[in-house]
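Please read the following report with the sequence and the model side by side. It deals with how two chains meet and with a few local features of the backbone.

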Number of protein chains: 2
Amino acid sequence: MREVAVLGVGMTKFGKTEKTSVEIFAEAAVDAVRESGVRRGDIQALFLGNVLGDFEEGQMNMAAFCAAEVGLGSVPATRFEGACASATLALISAYVWVASGRYDVVLAGGTERATVMGTPLATRTFAMGQDSRYESSLGLTFPGVFGMMCHQYSHKYGVPLAKLKEQMAAVAVKNHDNGLMNPKAHLRRKITVETVLDPEKSPMVADPLQLYDCCPFSDGAAALVLACGDAARRLHGKPVWVAGVGQGSAGALYRQKDLTIVTAREEAARQAYRQAGLRPEDIDVCELHDCFTIAEIVATECLGFFPYGTGGDAAERGRTRIGGGVPVNPSGGLKSKGHPIGATGVAQAVEIAQQLRGECGERQVDGARTGMIDTLGGDLGTVCSVIFRS
Amino acid sequence: MREVAVLGVGMTKFGKTEKTSVEIFAEAAVDAVRESGVRRGDIQALFLGNVLGDFEEGQMNMAAFCAAEVGLGSVPATRFEGACASATLALISAYVWVASGRYDVVLAGGTERATVMGTPLATRTFAMGQDSRYESSLGLTFPGVFGMMCHQYSHKYGVPLAKLKEQMAAVAVKNHDNGLMNPKAHLRRKITVETVLDPEKSPMVADPLQLYDCCPFSDGAAALVLACGDAARRLHGKPVWVAGVGQGSAGALYRQKDLTIVTAREEAARQAYRQAGLRPEDIDVCELHDCFTIAEIVATECLGFFPYGTGGDAAERGRTRIGGGVPVNPSGGLKSKGHPIGATGVAQAVEIAQQLRGECGERQVDGARTGMIDTLGGDLGTVCSVIFRS
């Protein structure tokens, strides 16, 4: 397998848009191509994440339309769907096609308009990422899944729920602080632990998760150009290398023994660390899937940054802040940067690429040379890990 | 890139089922694994095509649930969507992951319950495979697209519409004759040219396409085990080799100059022929995308079997029958075998694998040593080609 690098990256401002998913993808993609130094005609394929395009806009087969909008001619264009992990599936596949020698230069990305329906309908619709036979059909939605995760975490590790809620609030506050430094973030608003816990400002969504424990649905798109080593060294002053990729899966919740230890993530991270030849303590910066505050705590443990049961405490003690031991979600994460479902994974990669190039301004993690993304889809059913190095 | 072979294949009977897409996929997959000689624990990833799972059954992230149902543990499971070409996207990706050396043994397949909604609603829903900004939003559906293709074909090549309709009817009759020899086909019914043209038995759908010019929506699943050359030679007496793969895309119809020459197919076939080192005249048997009878005629031309403008005449003269010069759709094709949208491409590959192993009984193409599949998705937006050899 050959070396593969990220050259250009592009991302729209996350939030609400009146444009279509195809149009916003083209904006992100054109930025990525321009920055990469490759000519548009050199791009040999498009790998695209998208989740709700059919429900939001009546648009299936999204990849072909995106390729045409970007002006890529008749190159292969493929849509990937693995709920929230969709864009990272696209990214990993793009990596393998280049690493294998099949292609030299490709475009990977994701696009989503997740605000069209409004949050209540989008939440019910997106529950289709759960098992339809036994779970979503009974009324379970994702806030419910992650609410249960909180209770299990509290019970299993003996962290009183009130304490856990403070730890979770620290995650929200940190990610909002980071998002304030990211001009492309969706929710740029200073909050405090009190804001998160205030039942007026932050109403209960799914016990014990309150509004500020939950990321927003966002519209947005992200794209990056991947190239083989030779092309990367020729074209770009600061290639960011893909060091390892991993992917795991799991079935319905009833097949999973423990919501606090995500087996699909263990599998994904194991693969990525092994390929990269790195350990958790080698990771300088991480963008991970904080769809709910508890999700960030659980992810920091499962990725190996902190022992199981201690991720909440680490968050509260500032270990995951920029300048802390393991900076997590300097972009603001899903919580503040926003969560355009099928674009999120590549948006994480955009942040890591910019961090490893030292281009993140006031949210820059000093001296970051290795970075990791973690993207979780469905009811813990699909998890992807990618490790990058400068 | 390493050699890759198809080992086991599996396919449900196409038609209507009360089971879920996940359940029928498991049936096909378990058959494929059993036939392959590999142990289930040796399978390293699942690549799955599915299109309407969310609309039909409220099921997204389908691949993870399918992997669990088959008992694959936490292996990566990825869903591909490119309208009707979805399963072939999964197959091509599976091929590249094995050819690259990343995996040795994987499962590729597709599953769909396309009859749940009934044909009128499914037709309107599936129009989302067209451009939602300018085409499906104006009321265009796929019968309309292929109806226009007929008119353009007739006008461009000077084939009177009445003559073209007879040629198209010959395609339907041939595919129904073939399907009668396939126990897994959906529509097993002898028809004649008169049946197809009779406005009572075959009402007008989208001028000039009548009912018997159109394939049915079907429920069904198909799966195959792919393995690298070493494993294939060790495990299976009759490996069928992947000789070449190709994929092309195109944007909305308004970006396409000529419906009778599918540019995405030209691209896909060019890639596949080049990789295989074969020409159209080297192909012994072909399963191609006869969603409508005109689609088969146009495909036989675009794949290079007949000169442009002569595919209808060739069909009428029996050239595409079993025993003709270029046997096309010996399985019965989409027209008779049926069209479970997201499973169709792998079902085509199942037929070709069985043909190249000489296992097709009365519909066997004598001496077939090379075979090709062609799968078309959306408004000619995604086309895949795969060439196999024994």
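Across the interface of chain A and chain B in this predicted model, 36 residue pairs are found in polar contact, with both partners at pLDDT 80 or more. On the side of chain A that touches chain B, at least two residues each come from helix H1 (21–36), helix H2 (53–57), helix H3 (62–70), strand E3 (77–81), helix H4 (86–99), strand E8 (240–249) and helix H10 (263–276). When the residues of this side are sorted by character, 26 are nonpolar, 24 are polar and twelve are charged.

The extent of the interface can be stated in two ways. Counted by residues, 62 residues of chain A are in contact with 62 residues of chain B; given as area, about 4700 Å² is buried between the two chains, and carbon and sulfur atoms give 51% of it. Within chain A, the residues that lose the most area to chain B are Met60(A), Glu81(A) and Arg102(A), which together make up 14% of what that side buries.

Charged side chains also take part. Side chains of opposite charge can pair when their charged atoms come close. Between chain A and chain B the count is eight salt bridges, whereas the structure holds 54 over all chains. The table sets out one pair that joins the two chains and one pair inside chain A.

| Salt bridge | N to O distance |
|---|---|
| Glu23(A) and Arg133(B) | 3.5 Å |
| Glu351(A) and Arg363(A) | 2.8 Å |

What does the second pair in the table tie together? Glu351(A) belongs to helix H14 (residues 344–357) of chain A, while Arg363(A) is in the loop between H14 and strand E10 (370–377), so this salt bridge ties together parts that are twelve residues apart in sequence.

The backbone joins the chains as well, for strand E3(A) is linked by three bridges to strand E3 (residues 77–81) of chain B, and these two strands run antiparallel. In this pairing, Arg79(A) stands opposite Glu81(B) in E3(B).

How are the two chains placed relative to each other? A turn of 180 degrees, with a shift of 0.0 Å along the axis, lays chain A on chain B with an RMSD of 0.0 Å. That is the relation of a two-fold axis. Both copies use the same surface, since 100% of the contact residues of chain A recur in chain B.

Finally, some places in the backbone deserve a closer look. Most residues other than glycine have a negative phi, and most peptide bonds are trans. In chain A, however, Asp207(A) and Pro208(A) are joined by a cis peptide bond with an omega of about 5 degrees, and Pro208(A) lies in the loop between strand E5 (204–206) and strand E6 (209–210). In chain B, a cis peptide bond joins Asp207(B) and Pro208(B), again with omega of about 5 degrees, and Pro208(B) is found in the loop between strand E5 (204–206) and strand E6 (209–210) of that chain. Asn61(B), although not a glycine, has a positive phi of about 45 degrees, and its place is in the loop between helix H2 (53–57) and helix H3 (62–70) of chain B.

Terms used
Residues numbered from 1 in each chain as written. Chains lettered and ligands numbered in written order. Predicted model: local features only at pLDDT ≥ 70, side-chain atom pairs only at ≥ 80, totals over all residues. Heavy atoms only, no water. Contact = heavy atoms within 4.5 Å. Buried area = accessible area lost by both parts, 1.4 Å probe. Salt bridge = Lys/Arg side-chain N within 4 Å of Asp/Glu carboxyl O. Polar contact = N/O pair within 3.5 Å; in protein donor to acceptor, adjacent residues only side chain to side chain. Helix = DSSP H or I, 4+ residues; strand = E, 2+ residues; numbered from the N terminus. Nonpolar A, V, L, I, M, F, W, Y, C, P; charged D, E, K, R; others polar. Pairing = 2+ DSSP bridges. Least-squares fit on C-alpha atoms with pLDDT ≥ 70 in both.
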